[in-house]
Amino acid sequence: MRRVTVPASVEMVNILGPGDEFLRILERELDAGIHVRGNQITLSGSHAAVDLAVDVITELVTVLRTGQGLTADAVERTCTMLAQREEDRPADVLTHNILSSRGRTIRPKTLNQKRYVDAIDKHTVVFGIGPAGTGKTYLAVAKAVQALQNKQVNRIILTRPAVEAGEHLGFLPGTLSDKIDPYLRPLYDALHDMVDPDSIPRLLTAGTIEVAPLAYMRGRTLNDAFIILDEAQNTSMEQMKMFLTRLGFGSKIVVTGDITQVDLPGGTRSGLRVVQGILDNVEDIAFCHLTNHDVVRHKLVGRIVAAYDRFEADQPAPVPRTGRA
């Protein structure tokens, strides 16, 4: 049995949560018995369970003392991160601010997300690979806006392969903007969370922010720019090489994608699936892999991703066809 004293500078309601919501999470996630009296928390159980509970409460106190409030999601993620005994402290992850905009702060929520953000700071080319909802694109756009605000780059370029339209945009109705907007909408959505919506048309007109299909990158050299390629699993090997060689002086590239959601026509190899084998040992290039544990959308999204992963892992390998003699 061990007793933890919460400092007087931290109100117990902030540890326990509204209506003891956080306390119930701790009781569910930890194997230790938890008894609260005043600012004293008494923990009972096995040595390992009590040690983990002490570490969790200590981290929650550390987060609160930075002035940042706790959420149910942050409490759950703190328990998970400490149970995995990673080197990085949850408080370092949950208080790592990237961008403050329109009354909210954007920060990583998982250890892999923080490693991804750190890799963007340290490397010129970074690949963020993982399932939907892991913040690959959102965090990359946040880092791009941060770099623009800090005058580290002069412009942001966001691009995606319009593979769903087969890149044959001329066959779609409407103007060029009408044709490409549906495929670039997720990038606009991220921008609207981070930049004053009224200023976005001005930034687009001035070329400070450019949102365009991947096909429009061909033949260009992009200097002093933060360039993001989204949905990169839908690039061919040739397109991936073309994009990466657009890199100019003073620029940074982030490539994001999910290799389990390739929409390329049959027989076309995904450039994202093979690029790590080609560039893995090249200096100043980093590969960051996120998993269903890093999903930061609704909790159910992570469970859906995990269920699909299990289903696909249980499927028998396809039997190769043999030609007739």
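1. A good place to begin is Arg160, which counts as buried at 10% relative accessibility. Please keep in mind as you read that this is a predicted model. The side chain of Arg160 meets that of Asp230 in a salt bridge, with 3.1 Å from N to O. This pair links distant parts of the chain, 70 residues apart: Arg160 belongs to strand S7 (residues 155-160), while Asp230 sits in the loop between strand S9 (225-229) and helix H10 (237-244). Asp230 is buried too, with a relative accessible area of 4%. Under 20% is what buried means here, so Arg160 at 10% and Asp230 at 4% both qualify.

2. Next, have a look at Glu210 and Arg220, whose side chains form a salt bridge of 2.8 Å, N to O. Glu210 lies in strand S8 (residues 209-213) and Arg220 in the loop between S8 and S9, ten residues apart. How exposed is Arg220? Its relative accessible area is 22%, so Arg220 is classed as partly exposed.

3. Helix H6 (residues 111-122) holds a pair of another kind: Lys114 and Asp118 are four residues apart, and therefore separated by about one helical turn. In an α-helix there are 3.6 residues a turn, so residues three or four places apart point the same way. The side chains of Lys114 and Asp118 do meet, in a salt bridge of 2.9 Å, N to O. Lys114 is buried, at 11% relative accessible area, and Asp118 is buried at 17%.

4. For the wider tally, the count of salt bridges comes to ten. Some of them share partners: Arg28, Glu29 and Glu76 are joined in this way into one network.

5. Thr110 deserves a moment as well. This residue is found in the loop between strand S5 (104-106) and H6, and its relative accessible area of 4% makes it buried. Which side chain does that of Thr110 touch in a polar contact? The partner is the side chain of Asp294, at 2.7 Å. Setting aside neighbours within four places in sequence, Thr110 is in contact with Arg77, Val93, His293, Asp294 and Val296.

6. Helix H3 (residues 47-65) allows a simple check of geometry. With 19 residues at 1.5 Å a residue, H3 should span 27 Å, and its end C-alpha atoms are indeed 27 Å apart, so the two values agree. After H3 comes Gly67, which has a positive phi, near 95 degrees.

7. Which residues of H3 are buried? They are Ala49, Val50, Leu52, Ala53, Val54, Val56, Ile57, Glu59, Leu60, Val61, Val63 and Leu64. You will notice Glu59 on that list. The cover over these buried residues includes two strands, S1 (2-5) and S3 (40-44), together with helices H1 (12-16), H2 (21-29), H4 (72-83) and H5 (90-94).

8. Finally, turn to the surface. Leu300, Ile304 and Tyr308 make a nonpolar patch of about 310 Å². Leu300 is placed in helix H12 (residues 299-314). Is Leu300 buried or partly exposed? At a relative accessible area of 44%, Leu300 is partly exposed. Patch residues need over 30% relative accessible area, so Leu300 at 44% passes that cut-off.

Conventions:
Residues numbered from 1 in each chain as written. Predicted model: local features only at pLDDT ≥ 70, side-chain atom pairs only at ≥ 80, totals over all residues. Heavy atoms only, no water. Expected span 1.5 Å × (residues − 1). Buried < 20%, exposed > 50% of the residue type's maximum accessible area, 1.4 Å probe, protein only. Contact = heavy atoms within 4.5 Å. Patch = residues over 30% accessible without salt bridge, like charges linked within 9 Å, V, L, I, M, F, W, Y side chains within 5 Å. Areas by Shrake-Rupley, 256 points an atom, 1.4 Å probe, with all protein chains shown as cover. Salt bridge = Lys/Arg side-chain N within 4 Å of Asp/Glu carboxyl O. Polar contact = N/O pair within 3.5 Å; in protein donor to acceptor, adjacent residues only side chain to side chain.
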